[in-house]
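Let's walk through this one together, starting with its helices and then turning to the surface and the side chains.

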Amino acid sequence: MNSPETKAKTLKLSTLLVIIAALLLMLAGFRNGEHRSYFQKAVMVCTQCIGLG
């Protein structure tokens, strides 16, 4: 059976892998210019909510 130390190490490793994957995907989106489209959508929603759009 797995010892508690092994389970803790596996959990830490899987958490680290998920964080690294998330950061790589964020970097890929940033390089593709996705942040601009999200910012533009946010501006449109905010101006419509306060009645300027």
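Helix α1 covers residues 4-31, and at 1.5 Å a residue its 28 residues should span 40 Å; the C-alpha atoms at its ends are 41 Å apart, which agrees. Bear in mind that this is a predicted model. Helix α2, residues 34-49, can be checked in the same way: 16 residues reach 23 Å from the first C-alpha to the last, close to the 22 Å expected.

Here are the two helices side by side:

| Helix | Residues | Number of residues | End-to-end C-alpha distance | Expected span |
|---|---|---|---|---|
| α1 | 4-31 | 28 residues | 41 Å | 40 Å |
| α2 | 34-49 | 16 residues | 23 Å | 22 Å |

Each helix has a glycine to look at after it. Gly-33, just after α1, takes a positive phi of about 85 degrees. Gly-51, which follows α2, also has a positive phi, near 85 degrees.

How many of the 28 residues of α1 are buried? The number is one, so α1 lies largely in the open. Two of its residues illustrate the surface. Thr-6 lies in α1 and counts as partly exposed, because its relative accessibility is 36%, between the 20% and 50% limits. Leu-24 is in α1 as well, and it is exposed because its relative accessible area of 55% is over 50%. Leu-24 also joins Leu-16 and Ile-20 in a nonpolar surface patch of about 280 Å².

For a sense of distance, take Thr-6 and Ala-21: they are 15 residues apart along the chain, and their C-alpha atoms are separated by 22 Å.

Finally, the rings. Which residue lies over the face of Tyr-38? That is Lys-41, at 5.5 Å from the ring centre. As for aromatic pairs, the count comes to zero.

Definitions and conventions:
Residues are numbered from 1 along each chain as its sequence is written. This is a predicted model: local features need pLDDT of at least 70, side-chain atom pairs count only at pLDDT 80 or more; totals for chains, interfaces and linings use all residues. Side-chain values use heavy atoms; hydrogens and water are left out. Rings of Phe, Tyr and Trp (its six-membered ring) pair if their centres lie within 6.5 Å; planes under 30 degrees apart count as stacked, over 60 as edge-to-face and the rest as tilted. A charge sits over a ring if NZ of Lys or CZ of Arg is within 6 Å of the ring centre and within 35 degrees of the ring normal. Helices (H or I, at least four residues) and strands (E, at least two) are DSSP runs, numbered from the N terminus. The expected span of a helix is 1.5 Å times one less than its number of residues. Buried means under 20% relative accessible area, exposed over 50%, partly exposed in between (1.4 Å probe, protein chains only). Patches are made of residues with over 30% relative accessible area and no salt bridge: like charges are joined within 9 Å, nonpolar side chains (Val, Leu, Ile, Met, Phe, Trp, Tyr) within 5 Å. Accessible areas come from the Shrake-Rupley method with a 1.4 Å probe; for residues, only the protein chains shown count as cover. A salt bridge is a side-chain nitrogen of Lys or Arg within 4 Å of a carboxyl oxygen of Asp or Glu.
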